[in-house]
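User: Could you walk me through how to read the main features of a structure, one at a time? I would like the general idea and then the case at hand.

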Amino acid sequence: MALKIIASQCTSCSACEAECPNVAISEKNGTFVINPKKCTECLGHFDAPQCAAVCPVDNTCVIDTSYPRYQIPA
Amino acid sequence: MHASTQQDGASAGALPTIDAVMQQVAEHKGCGTQGGSGKASCGSAAGQGDLPTEIWEKVKNHPCYSEEAHHHYARMHVAVAPACNIQCNYCNRKYDCANESRPGVVSERLTPEQAAKKVLAVASTIPQMTVLGIAGPGDPLANPAKTFKTFELISQTAPDIKLCLSTNGLALPDHVDTIARYNVDHVTITINMVDPEIGAMIYPWIFWKHKRYTGVEAAKILTDRQLQGLEMLTERGILCKVNSVMIPGVNDRHLVEVNRAVKSRGAFLHNIMPLISAPEHGTVFGLTGQRGPTAQELKALQDSCEGEMNMMRHCRQCRADAVGLLGEDRSAEFTTDKIMEMEVAYDLDGRKAYQAKVEEERVAKVAAKQEELATLAGESSDITLLVAVATKGSGLINEHFGHAKEFQVYELSTAGAKFVGHRRVDLYCQGGYGDEGSLETVIRAINDCHAVFVAKIGGCPKDDLTKAGIEPVDGYAHEFIEKSAIAWFKGYLEKVTSGALEHHPRGDAAIRQGALIVAA
C-alpha cells in the first residue's frame, strides 16, 4: 500500500512535500499528490508516515488500499 | 489618498524648528512617568519614551512595533510560507475568503521570486512602506528555504526595507543564527502559555523531529522551544515582540504569568490580542462556541500587564498577505497578475525624500500634542474616559464617520491622551446613504466611549449617537488627534466643574469577530 491525498480536503499548504523521505510528493493542479511508485509509507525511515503526521487536516493523507503493502527490499 | 493627507498634515499649523521639538521629545520622560496608570504602550506617547536609544532607532519607523509609527508607515506581508508545524485551536487553514482579515488566511501563495517582485512594486507605489514581514500563512520557520530565499532577494534589491518574521517558535532555536545572518532585526513569537496543562487546551498537536506529539507532552516541547528561542534572539540583540491570544477561561489569567516569563527573557514588547472566534471560521474554538474577550476584558488584562513592560495595543491581527498602513489592506491592488505586468524601477532616493517629509509631519504632531498638554498642566481631576477617532493615518482626524472601517480609541485623563486600542466596524456608509443595522454595530463597538471624533458626519447618525450617549465631535476635522482630544477633554472638564454636564461612566463594548469587508 501507499498513501494518497484526498484532493478535496487538501489545503495545498505543502507541509507534506518537504517531509517526505522519498520525494514522492509534488504539486499538481493546485493540490498535492503522492506518487504511489515512490511511496514507502515511511517504512524503514520513521515510525509513522510523515505526510499524515504533519497534515493539518485530519484523514487527508490516508492509506490507498488499491496498492499492495509496501515491502522493505531484502 | 496619502498625498492629500500629507498636505493636510503640513497645513495643520506652523512648524516649530526640528531642534526645538527634538529637545522637547528628549525632555519628555515618556510613557512611564506621565500617566497615573504606569507605563503606556510603546511609543504611544510622543516618541522614544523610556526606550533605550538603540531600540528606539530600530522601532521608530516600524508600524508593528511603534504605536506612533503606525500612523505614518506601512508594512506588507508576503505569503511565501504555507506549511505549518503545529495545530492551534484558533486557526483553520482550510477556508480562505478575500473578505476575511485574520492571521493564517491568504488569497494566493507566492514563490520567493514573485514575493521579491511584489515588494518592489509595493515599495515603489507606497513610499512609506518600510517593513517586509513573513508571517505565514503557515509558519515561516517551517518553510526555512522559502523564507530565507525571500529575505536574500529583497535585501539585494531593496536594502532599506526592514525584514521581520513572525513564528510560533517551535523551530526557532534551529534558525536563530540564520535569522541573524540575514539581518532580520525584528522577530515576533506567538506565546500563549508557559504552562503545558494550559497549552494542551490550545494546541492539539505539534510536529517535531519527524513525530507528531499531542497533549501536555506537545505543549511542554513547544513552550521550552519558544522560551529557548526567545533567549537566543535577545542574546544576539535581535528585537523580540511576543504575541499572545487572549482566550477567556483558558489562558486569560495565565497571560500575566506569560508576561513575566517573556519579560525576564528579554522580550521588549507584549501584544495581547483578542481571540477571533466564530463558527463560520471552522476553527475548533469557533465550533465549540469559545468566545473572545470583550473590549473591557481585553483592556483590563493589558492594563494589568503594563506595569511590567511595554504593551502593544494597535495590532490589527492582519492577514499573512496584508499590504498598507495597519488598519487598511491594499493587497487587492497587488495580485500576482498585476505585479507581473508592472514595470518597476526601485527609486531609493525618492523613497528617502518622501520619508523625510513624513518625519517632518511626525515631529509637528508631537509638538502640537506637547503644546496642548502643557495647557492641561494645572488641571486635576479623577475623570478618565475613552474617546473614539475616525482616521485614515498621519495622526489626523481625517476620516468621515460613515467611511471608517475602524475607530482608534484614546484614553483621556489629566495626564494626557493615551492610545489604548482600536475597534473594527463594518463600513457604515455604503453608496452614500445610511443603513440602520450597521450604525448599531458601530455604536456597539464604541459603546464604552464618551465621544467620537470625525472629519465629517451626517445629521442622522449624529442624532443616533447623541441618543446613545456618545457625543459626535466634528469641530477638529483634519487636526492632530491627540492635540484635539486633549483640547476637547479640557472643555469637558470645565463643563463638569461648572455643573453644565454630569460625568457618567460608560458600559462595555464588543470586539467584532466577523469578516472585515474590503472597502473597494
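**Strands, sheets and what packs on them**

Analyst: Let's begin with a single pair: Ile86(B) lies across from Ile206(B), a residue of strand 6 of chain B. Before going on, note that this is a predicted model, where local features need pLDDT of at least 70, side-chain atom pairs count only at pLDDT 80 or more, and totals for chains, interfaces and linings use all residues. Residues are numbered from 1 along each chain as its sequence is written, while chains are lettered from A and ligands numbered from 1 in the order in which they are written.

User: How should I read such a pair, and to which sheet does strand 6 of chain B belong?

Analyst: In general, the strands of a sheet pair through backbone hydrogen bonds, parallel or antiparallel. Strands here are DSSP runs of E with at least two residues, helices are runs of H or I with at least four, and both are numbered from the N terminus. Two strands pair if DSSP finds at least two bridges between them. In this case the order is 2-6-7 in chain B, an open sheet of 3 strands with antiparallel pairing. Strand 2 and strand 6 (residues 205-208) of chain B are joined antiparallel over 2 bridges. Strand 2 (86-87) and strand 7 (211-214) of chain B are at the edges with a single partner strand each, so one side of each has no neighbour in the sheet. Helix 9 (residues 215-235) of chain B packs on the sheet, touching strand 2, strand 6 and strand 7 of chain B, and its direction makes about 110° with that of strand 7 of chain B. Such angles run from 0 to 180 degrees between N-to-C directions, with axes fitted to C-alpha atoms, for helices over the stretch in contact. Contact is assigned if the C-beta atoms of two residues, placed from the backbone, lie within 7 Å.

User: What is the pairing in the sheet with the order 14-13-12-15-16 in chain B?

Analyst: That open sheet of 5 strands has mixed pairing. Its edge strands are strand 14 (416-424) and strand 16 (471-473) of chain B, each paired on one side only. On average, neighbouring strands of this sheet are turned by 25° against each other, direction ignored. Within chain B, strand 12 (residues 385-389) and strand 13 (residues 406-413) pair antiparallel over 5 bridges, and Val387(B) has Tyr410(B) of strand 13 as its bridge partner. Helix 17 (residues 481-498) of chain B lies across strand 12, strand 13, strand 14, strand 15 (449-453) and strand 16 of chain B, at about 110° to strand 14 of chain B.

User: Which residues touch the most other members of the largest nonpolar core?

Analyst: A nonpolar core is a set of buried Ala, Val, Leu, Ile, Met, Phe, Trp, Tyr and Cys residues joined through C-beta atoms within 7 Å. A residue is buried with 20 or more other C-beta atoms within 10 Å of its own, exposed with 12 or fewer, and partly exposed in between, with C-beta atoms placed from the backbone. In the largest core, of 156 residues, Val119(B), Val387(B) and Val452(B) touch the most other members. Domain 1 (63-341) and domain 2 (375-498) of chain B both contribute residues, so this core lies between them. Those bounds come from an automatic or database domain assignment.

User: Is Val78(B) buried or exposed?

Analyst: Val78(B) is buried, with 29 other C-beta atoms within 10 Å. Val78(B) sits in the loop between strand 1 (74-77) and strand 2 of chain B. Beyond four places in sequence, its contacts include Val119(B), Leu132(B) and Ile134(B).

User: And where does Asn251(B) lie?

Analyst: Asn251(B) is in the loop between strand 8 (239-246) and helix 10 (255-264) of chain B. Asn251(B) counts as buried, having 22 C-beta neighbours inside 10 Å. Leaving aside neighbours within four places in sequence, Asn251(B) contacts Asn192(B), Met193(B), Ile198(B) and Ile202(B).

User: How do the side chains alternate along strand 3 (residues 31-34) of chain A?

Analyst: Phe32(A) and Ile34(A) point to one face and are buried, whereas Thr31(A) and Val33(A) point to the other and are not. Strand 2 (residues 25-28) and strand 3 of chain A run antiparallel, joined by 4 bridges. Ile25(A) has Ile34(A) as its bridge partner.

User: How many residues are in contact between the two chains?

Analyst: Here 12 residues of chain B are in contact with 14 residues of chain A.
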